[in-house]
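Colleague: I am new to this one. Could you walk me through it and tell me how each label is earned?
Modeller: Gladly, let us look together.

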Amino acid sequence: MNLKELYQEIILEHGKNPRNLGKTVDFNKDAKGNNPLCGDNVHVYLKLNGQKIVEDISFEGSGCAISMASASIMTDLIKGKNENEAKEIVEDFLGMIKENPELKSEYLQEDEKTKLMCLSGVKQYPMRVKCATLSWHTLVSAFDDKKKEVKTEN
Amino acid sequence: MKIENIKNEFPIFDEKIQNNDLVYLDSANSSQKPKVVADKINEFYTKQFSNVGRSVHYLAVAATNLYENTRSSVQKYINAKDKNEIVFTKGATEALNLVANTLGQNYLKEGDEILITELEHHSNYVPWHFLRKSKNIKINFAEMNENGDVSLEEIEKKITPKTKVIAITHLSNVTGAILPIKEITDLAHSKGIIVVIDGCQGAPHLKLDMQDLDCDFYAISCHKMYGPTGLGVLYGKKKWLEELPPYQGGGGMIREVKKDSISYGELPNKYEAGTMATAQVIAFDESIKFMESIGVENIMQHEADLVEYGQELLQKNNSVKLIGSPKNKGGVLSFTLEGVHPHDIATILDEDGVAIRAGHHCCQILHDKLNIPASARASVGIYNTKDDLDKLNDSINNCKKIFNLK
């Protein structure tokens with residue numbers, strides 16, 4: 001998929017109609033991410049139940065299409081997973097966006113993998129990888145109750 | 001040399017960039033290099049190489065002469081009074097650090113004030129910021145007006161009895177504003193204030209005459225002047241360069257070194273410690289000759305035509321918002337596209353072979369003032385044509401299509 005197709009797909013799918021945008025009313029975990037050089041920022045909210053399953057997840061933020069679409073796709077996939085599953089999916093995604101040719105996690109359905117793979121075009125643009133990964137690192141930070149703002153810029 | 005044929009002198013335009021012809025609109029960031037400059041670097045390394053200013057063998061003497069020839073060429077190009085007022089540095093950033101550091105060591109006192117503008121890029125702010133910490137110096141900002149310009153009146157308003165230095169850009173790398181630096185210098189000197197000009201964008205595009213301008217320091221970035229990277233020039237008035245202390249210590253800048261005392265060399269060696277960017281200096285002579293062969297007036301006219309054309313084109317394009325409409329505008333077209341992040345614009349334009357910059361262009365204060373995190377910037381050089389700007393506009397239209405903009 002070339003970049004234009006990538007843009008077309010993610011803009012149509014998530015830029016115009018982002019999933020889970022807003023603030024989960026009864027969230028019990030959250031974290032912020034900010035790339036000041038880019039101007040991308042994201043705030044991830046989680047509602048975990050007693051079994052550490054993500055009952056609800058949402059995000060607020062602003063930034064480029066890649067960072068917003070990535071956050072939107074992420075929240076879609078993570079809803080309903082437990083913490084360990086979610087963290088494995090994050091690892092899998094980060095591995096794919098950096099070097100791995102495909103996604104391996106057993107916690108992802110085939111159609112979910114296809115959705116995520118549409119972000120793989122970003123690989124050709126190392127300077128844009130940080131846009132795609134910001135919300136994912138922020139999600140981990142929310143799980144771990146880290147207070148420090150996440151950055152994926154150097 | 002005819003300006004219409006200038007692209008032929010730059011080998012990079014023979015390359016296909018991702019199967020596209022290159023439309024290079026990022027010269028404010030760094031310019032492309034003419035063949036003569038690249039060839040000179042190759043020739044020096046393969047046929048003429050030696051270190052300069054030290055050994056007495058044939059190659060050393062010949063290399064030293066080439067190195068000093070560039071100094072003379074720069075002196076002539078900017079009409080400095082004395083060859084020793086030309087100091088080579090590793091870039092304009094180092095030139096500005098040199099000035100801030102040495103003024104801080106010898107001249108500025110606690111409580112003194114430095115006046116800069118909101119237009120400054122980080123190289124002309126951060127070096128002065130260091131003095132806030134070490135010397136308790138205060139930095140004041142002359143404000144940018146709605147045209148993206150800083151007026152003489154605004155500068156005058158911000159001068160206080162404690163202002164010791166005014167450090168300003170010649171040409172804004174975001175709004176394109178050309179500042180009235182001669183008038184500012186006259187005003188400053190009438191109040192005994194030192195004037196430091198950041199000429200990163202001024203030197204490649206405007207006529208320079210240090211004696212007429214009369215500023216105390218002028219910093220130049222050679223890689224933006226069709227020259228090599230890793231090289232800058234600091235012009236400094238002789239009286240200042242003689243009075244101020246050395247910036248870095250090492251070989252080449254000393255006269256006599258004893259266990260209990262060290263004396264420093266004469267100008268310009270005093271400020272050129274260690275082995276310098278020799279090949280770059282020598283090749284930079286070719287950049288100057290190249291620009292002279294076109295003629296600075298012709299360069300200015302050509303780029304002014306391009307800016308006017310580009311401005312009209314983009315103004316007509318719905319959803320494009322140009323940043324800055326100063327009366328005197330250099331070859332910079334910064335813009336935003338409603339609802340599209342500048343990084344997305346740049347990435348999409350890149351697919352069409354159109355190279356622009358997106359980000360804050362090392363001017364966070366300016367972007368904060370405009371209340372935007374970043375902008376997209378197309379900037380021109382001598383090799384650009386109206387056709388390049390048409391392609392920019394077409395590519396912006398592609399981008400709008402992708403984002404469903406009208």
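## How the labels are earned

Modeller: Keep in mind that this is a predicted model. In chain A, 42% of the 154 residues are buried.

Colleague: What makes a residue count as buried?
Modeller: A residue is buried if 20 or more other C-beta atoms lie within 10 Å of its own. In chain A, 42% of the residues pass that cut-off.

Colleague: How do you know what radius of gyration a compact globule would have, and how does chain A fit?
Modeller: For 154 residues the expected value is near 15 Å, and chain A has 14 Å, so the two agree. The C-alpha atoms of chain A fill a box of roughly 45 × 35 × 30 Å along the principal axes.

Colleague: Which elements does chain A have, and in what order?
Modeller: There are 5 helices and 3 strands in chain A, running α-β-β-β-α-α-α-α from the N terminus.

Colleague: Over in chain B, why are β13 and β16 called edge strands?
Modeller: The open sheet has 4 strands in the order β13-β14-β17-β16, with antiparallel pairing. Strands β13 (320–322) and β16 (357–359) of chain B each pair on one side only.

Colleague: What makes β14 and β17 of chain B a pair?
Modeller: Two strands pair if there are at least two bridges between them. Strands β14 (residues 332–337) and β17 (residues 375–379) of chain B have 4 bridges, in the antiparallel sense, and B:F335 stands opposite B:A376 in β17(B).

Colleague: Which helix packs on this sheet?
Modeller: Helix α12 (residues 342–351) of chain B does, touching β14, β16 and β17 of chain B.

Technical notes:
Residues are numbered from 1 along each chain as its sequence is written. Chains are lettered from A and ligands numbered from 1 in the order in which they are written. This is a predicted model: local features need pLDDT of at least 70, side-chain atom pairs count only at pLDDT 80 or more; totals for chains, interfaces and linings use all residues. Helices (H or I, at least four residues) and strands (E, at least two) are DSSP runs, numbered from the N terminus. The radius of gyration is taken over C-alpha atoms; the globule rule is 2.2 Å times the number of residues to the power 0.38. A residue is buried if 20 or more other C-beta atoms lie within 10 Å of its own, exposed if 12 or fewer, and partly exposed in between; C-beta atoms are placed from the backbone. Two residues are in contact if their C-beta atoms, placed from the backbone, lie within 7 Å. Axes are lines fitted to C-alpha atoms, for helices over the stretch in contact, and angles run from 0 to 180 degrees between N-to-C directions.
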